[in-house]
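Reader: I should like to go through the reasoning behind the assignments in this model. Please set each value against the rule that it has to satisfy.

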2 protein chains.
Amino acid sequence: MSVHFRKLALIGIGLIGSSIALAARRQGLADVIAISTRSQTTLDEARELGLGDIYTLDAAEAVRGADLVILCAPVGAYEAIARAIAPALQPGAILSDVGSVKAHVVKVVGPHVPADVSFIPGHPIAGTEHSGPSAGFAELFAGRWCILTPQPDVAQGQTDKLVAFWEGMGSNVEIMEAGHHDMVLAITSHIPHLIAYNIVGTADDLETVTKSEVIKFSAGGFRDFTRIAASDPVMWRDVFLTNREAVLEMLGRFLSDLSTLQHAVDIGDGPALEAIFTRTRAIRRSIISAGQETAAPDFGRPHEAAPVPDVPYVREHGGGDDA
Amino acid sequence: MSVHFRKLALIGIGLIGSSIALAARRQGLADVIAISTRSQTTLDEARELGLGDIYTLDAAEAVRGADLVILCAPVGAYEAIARAIAPALQPGAILSDVGSVKAHVVKVVGPHVPADVSFIPGHPIAGTEHSGPSAGFAELFAGRWCILTPQPDVAQGQTDKLVAFWEGMGSNVEIMEAGHHDMVLAITSHIPHLIAYNIVGTADDLETVTKSEVIKFSAGGFRDFTRIAASDPVMWRDVFLTNREAVLEMLGRFLSDLSTLQHAVDIGDGPALEAIFTRTRAIRRSIISAGQETAAPDFGRPHEAAPVPDVPYVREHGGGDDA
């Protein structure tokens with residue numbers, strides 16, 4: 001099924017919203033793209049980047065006449081947006097979103113959705129640590145998964161159209177129940193972010209190791225964590241405020257396992273450590289095979305060329321035994 | 001100071017040993033490179049790759065006549081190696097290593113080092129998740145730091161030579177006390193590896209979320225952790241067996257901070273969460289400015305091109321309301 005929308009309304013235009021705008025435009029998935037956001041500065045930025053056709057601070061105006069509306073704002077803003085746009089939603093329209101939690105979205109947006117609008121919350125599992133309208137790019141969703149959680153009263157044909165829209169942008173699509181989504185994402189995304197934010201904070205607070213040392217020697221592993229710990233703070237605040245139960249459950253599992261590992265270090269249990277460290281390689285191989293990660297070492301990070309031999313280097317000789 | 005060694009002996013030829021061999025050869029830092037390792041298979045692999053000039057299973061034979069000897073084996077093997085090579089070390093030689101812990105290395109290797117040999121333990125803060133002789137490349141150390149911990153009786157001129165050797169391979173060099181090294185690396189490398197191994201193990205054990213779901217949706221953040229959790233298990237077992245005190249101290253800090261974060265999630269303290277998530281961005285910016293990380297989003301991971309619009313995609317229509 002080839003899909004085409006007359007008017008796509010994006011409410012919020014950060015990394016994900018701008019990537020949808022660029023991908024939908026490039027793939028010809030919508031005639032008109034209307035962009036709405038709360039901040040005049042961000043709206044001006046989106047206009048300068050040429051991300052859409054209509055720019056407005058009024059979300060209701062953006063959704064008027066749209067057959068596809070996607071909320072791309074932080075989840076904490078959803079309820080107010082839903083209240084504002086509900087009267088302007090066109091009968092037969094699809095209302096979706098890209099938020100990192102789903103049960104909460106169903107709970108706060110659901111009650112505002114008119115009966116003749118198809119509410120299909122969604123979540124593309126894609127992103128970078130950059131944010132804002134200039135961070136988007138059309139290839140962001142290519143090869144990544146997008147989870148859709150169609151509500152029970154939604155017609156299959158409407159879900160099919162939204163599936164085709166995401167496939168058109170290069171995504172794979174999985175249909176899932178909202179509560180299960182929240183459990184899956186708690187372990188694959190929310191806990192990783194929580195512990196990354198945490199270790200970066202811990203390192204920042206030490207007295208025995210200076211900040212300069214943490215920075216210089218970060219290539220030992222620490223720098224990997226700083227990437228996701230550089231993600232948008234407001235977005236992540238909202239994730240942890242709205243997926244509390246699943247996050248606390250998965251965090252409990254993580255802490256229980258960490259306590260086992262701590263004990264193995266404490267008593268010097270070499271075989272236990274080696275066994276734990278050996279089984280974890282397989283999962284990375286599977287992620288690479290599934291096309292969700294590069295096989296290149298070090299994420300394919302660029303390596304500087306080594307200095308050429310004919311560039312002379314001069315060091316003061318400190319004297320002493322030089323034999 | 002330009003440096004040049006007559007014979008460089010590498011004991012152990014994994015990722016780091018093979019990278020030293022390639023970089024030293026390319027930069028003309030040694031006339032002859034002798035390679036020794038315990039396993040015939042690995043030795044044959046090194047020979048096929050043409051990493052050196054002399055290949056032997058006998059470490060003592062490799063170090064005979066060498067003016068620079070670098071231990072590149074897992075730290076757990078050091079004491080036996082030191083015992084084996086001590087009688088063959090040439091007067092005036094420099095003995096160094098690349099192990100991830102330093103106080104333990106001083107403790108187990110130090111007593112075996114003859115008085116006329118300069119013992120300067122070292123640690124290049126560089127690597128990838130790949131291991132073995134074929135994983136090495138000459139650019140590995142370019143722009144990365146190498147920490148040297150010269151022992152008190154070592155002449156400055158000998159330290160200068162080793163500094164010049166690492167600078168010749170493109171490294172920056174920092175001189176540090178062994179115990180302090182172990183504290184710095186506990187937070188910048190050992191704890192990151194421990195929690196990465198841990199979360200990958202946790203995810204692997206869940207019943208509510210399938211392994212296939214963890215793999216598919218790993219781009220939400222989890223896949224970042226699988227990189228360092230794919231590092232060499234034996235090497236990392238030895239790190240945690242030999243840097244117990246510093247690791248447990250830093251883990252205690254991490255857990256204490258995590259408990260604060262857990263509480264903030266539990267009581268829904270939005271301002272506290274946002275404050276913690278905001279301060280962590282600065283440290284990544286500093287790491288990028290210091291040349292220790294790429295500024296490209298997502299570590300510069302390759303992104304597939306989005307599908308071109310003229311490739312038709314076909315989906316079964318599920319029927320129902322399609323307005």
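Reader: How many salt bridges are counted between chain B and chain A?

Author: The model is a predicted one, and the count between chain B and chain A is 20 salt bridges. Over all chains, the structure holds 48 salt bridges.

Reader: What makes the pair Arg244(A) and Asp266(B) a salt bridge?

Author: The rule asks for a side-chain nitrogen of Lys or Arg within 4 Å of a carboxyl oxygen of Asp or Glu. The side chains of Arg244(A) and Asp266(B) meet with N to O at 2.6 Å, and the pair therefore qualifies under that limit. Arg244(A) belongs to helix H11 (residues 244-267) of chain A and Asp266(B) to helix H11 of chain B, so this pair joins two chains.

Reader: Why is the pairing of Glu207(A) with Arg253(B) called a salt bridge?

Author: The closest N and O atoms of Glu207(A) and Arg253(B) are 3.3 Å apart. The cut-off is 4 Å, so the name applies.

Reader: Which elements of chain B give two or more residues to the side that touches chain A?

Author: They are strand E8 (145-148), helix H6 (156-168), helix H7 (178-205), helix H8 (211-216), H9, helix H10 (233-242), helix H11 (244-267) and helix H12 (270-289) of chain B. H7(B) gives the most, with 21 residues. By class, this side of chain B divides into 70 nonpolar, 40 polar and 35 charged residues.

Reader: What is the area buried between chain B and chain A, and how many residues does each chain bring to the contact?

Author: About 13400 Å² is buried between the two chains, and carbon and sulfur atoms give 62% of that area. Chain B brings 145 residues to the contact and chain A brings 145 residues. Across this interface, 48 residue pairs are in polar contact, both residues being at pLDDT 80 or more.

Reader: How many cavities of 30 Å³ or more are counted, and which residues line the largest cavity?

Author: The count comes to 2 cavities. The largest cavity has a volume of about 40 Å³. Its lining consists of Ile125(A), Ala126(A), Gly127(A), Leu140(A) and Arg144(A), together with Ala219(B), Arg223(B), Asp298(B) and His303(B). That lining has 4 nonpolar, 2 polar and 3 charged residues.

Reader: What makes helix H9 of chain A and helix H9 of chain B part of the account of the second largest cavity?

Author: Helix H9 (222-228) of chain A and helix H9 (222-228) of chain B each supply at least two residues of its lining. The lining residues are Asp224(A), Phe225(A), Ile228(A), Asp224(B), Phe225(B) and Ile228(B). They divide into 4 nonpolar, no polar and 2 charged residues, around about 30 Å³ of space.

Conventions. Residues numbered from 1 in each chain as written. Chains lettered and ligands numbered in written order. Heavy atoms only, no water. 1 Å grid on protein atoms, 1.4 Å probe; cavity = no way out; pocket = protein on both sides within 12 Å on 5 of 7 lines; lining within 4 Å. Points joined across faces, edges and corners; volume = space filled by probe spheres on them. Nonpolar A, V, L, I, M, F, W, Y, C, P; charged D, E, K, R; others polar. Helix = DSSP H or I, 4+ residues; strand = E, 2+ residues; numbered from the N terminus. Contact = heavy atoms within 4.5 Å. Buried area = accessible area lost by both parts, 1.4 Å probe. Polar contact = N/O pair within 3.5 Å; in protein donor to acceptor, adjacent residues only side chain to side chain.
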